[in-house]
Amino acid sequence: MQTFTWNVISSQSSTIPFFQKGSALTIGSFDGPHIGHTVLFDKVLETAKKHGLAAGVVTFVKPLPGIKYAGNYLGDISTLRLRLAEYEKRGFDFAIVIDFTKEFSRIEGTEFLGVLANVCKMKYIVEGQDFNCGKDGLCVKERILTFAQEKRFVAEFIPSVMYNDHRVSSSLIRMNVESGDFKTVSQMLGRSYYIDLQDVEFVNNPNNSLSYRKNLISQVVPTKGKYAVTINDQEIKSSLEVNAESIILEIPEGFNGEVQSIAFC
């Protein structure tokens, strides 16, 4: 999968050779990603295959709620590393990663979409019904549909995915992670919940466990308690204790590798 930064894309005055055949894409933080995002991904991948386009995701270094509502933010569901790995696993050809700076936040929605249409030869975009983009979020569905006609690309908006009468959303998943309801979380994610520990500093404890400070972990951490986990996406069973300041991972006898991630059972 090819990865581009927004700076590279926005600095181009014409189409990048990679996009000569055109592209189909979706835009969002895609924190998780969850089963609602999967519907968007499937639409992009199906359309790209049908019309010979490059299939892509336009996303952000950090999920936007963590920037816009930092004071009430519980944490990310997934790190950028895990999200990009998930996009590649699903079969996307490219990802455009945006650092949501103050400068970027001032871009008008049609200007933003215009860059994708001109530089990436965007032929198709699919989003949820409540999607908006651009300065102050003013570029909403109706404006996007009008702009799509002007620029001759197809814009599709699809209904939300529901779970137990609730709209599946990253914010709902965050709340369920914090409360420790990993059964519900796994249903909405379509897989287990992972914490990425690859680049997080830790302390080796004398009782054969590792301690990680919670303030060094960007992801949502569940409330205090003990949880069953597996290590490194394998059947290496362990337990995790969460307290006020840290998480403590028990290291099973015979495990000699590096801990890259843990998954909640």
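In this predicted model, E156 and K43 form a salt bridge in which the closest N and O atoms are 3.2 Å apart. Because E156 belongs to strand β6 (residues 154-158) and K43 to helix α2, the pair ties together parts that lie 113 residues apart in sequence. Neither partner falls below the 20% relative accessible area under which a residue counts as buried: E156 is partly exposed at 26% relative accessibility, and K43 is likewise partly exposed, with a relative accessible area of 28%.

Side chains of opposite charge can pair when their charged atoms come close, and the structure holds seven salt bridges. Another of them joins R81 to D196, with the closest N and O atoms 2.8 Å apart. Here R81 sits in helix α4 and D196 in strand β9 (residues 194-196), so that parts 115 residues apart in sequence are tied together by the pair. The two partners fall into separate accessibility classes, since R81 is partly exposed, with a relative accessible area of 35%, whereas D196 counts as buried at 8% relative accessibility.

A further salt bridge links R167 with D130, the closest N and O atoms being 4.0 Å apart. Because R167 lies in strand β8 (residues 166-167) and D130 in the loop between β5 and α7 (141-151), this pair ties together parts that are 37 residues apart in sequence. R167 is partly exposed, its relative accessible area being 40%, while D130 is exposed, with a relative accessible area of 52%.

D130 also leads to the largest pocket, being one of the residues that lie nearest the centre of that pocket, together with G28, S29, F131 and N132, out of a lining of 41 residues. The elements that give two or more residues to this lining are α2 (35-51), α3 (65-68), α5 (102-105), β5 (122-128) and α8 (170-179). Helix α2, in which K43 lies, provides the largest share, namely four residues. The volume of the largest pocket is about 1,100 Å³, and by class its lining has 18 nonpolar, 15 polar and eight charged residues.

The second largest pocket holds about 400 Å³ of space and is lined by 18 residues, of which L82, A85, E86, Y194 and D233 lie nearest its centre. Helix α4 (residues 80-90) gives the most to this lining, with five residues, and α4 is also the helix that holds R81 of the salt bridge to D196. Classed by residue type, the lining of the second largest pocket has seven nonpolar, six polar and five charged residues.

Strand β9, which carries D196, brings the reader to the sheet. Strands of a sheet pair through backbone hydrogen bonds, either parallel or antiparallel. In this structure an open sheet of seven strands has the order β9-β15-β12-β13-β14-β11-β10, and its pairing is antiparallel. The edges are occupied by β9 and β10 (203-205), each of which has a single partner strand, so one side of each is left without a neighbour in the sheet. From one strand to the next, the twist averages 30°. At the β10 edge, three bridges join β10 to strand β11 (residues 209-213), and these two strands run antiparallel; within this pairing, V203 has S211 in β11 as its bridge partner.

Note on methods
Residues numbered from 1 in each chain as written. Predicted model: local features only at pLDDT ≥ 70, side-chain atom pairs only at ≥ 80, totals over all residues. Heavy atoms only, no water. 1 Å grid on protein atoms, 1.4 Å probe; cavity = no way out; pocket = protein on both sides within 12 Å on 5 of 7 lines; lining within 4 Å. Points joined across faces, edges and corners; volume = space filled by probe spheres on them. Nonpolar A, V, L, I, M, F, W, Y, C, P; charged D, E, K, R; others polar. Salt bridge = Lys/Arg side-chain N within 4 Å of Asp/Glu carboxyl O. Buried < 20%, exposed > 50% of the residue type's maximum accessible area, 1.4 Å probe, protein only. Pairing = 2+ DSSP bridges. Axes fitted to C-alpha atoms, helices over the stretch in contact; angles between N-to-C directions.
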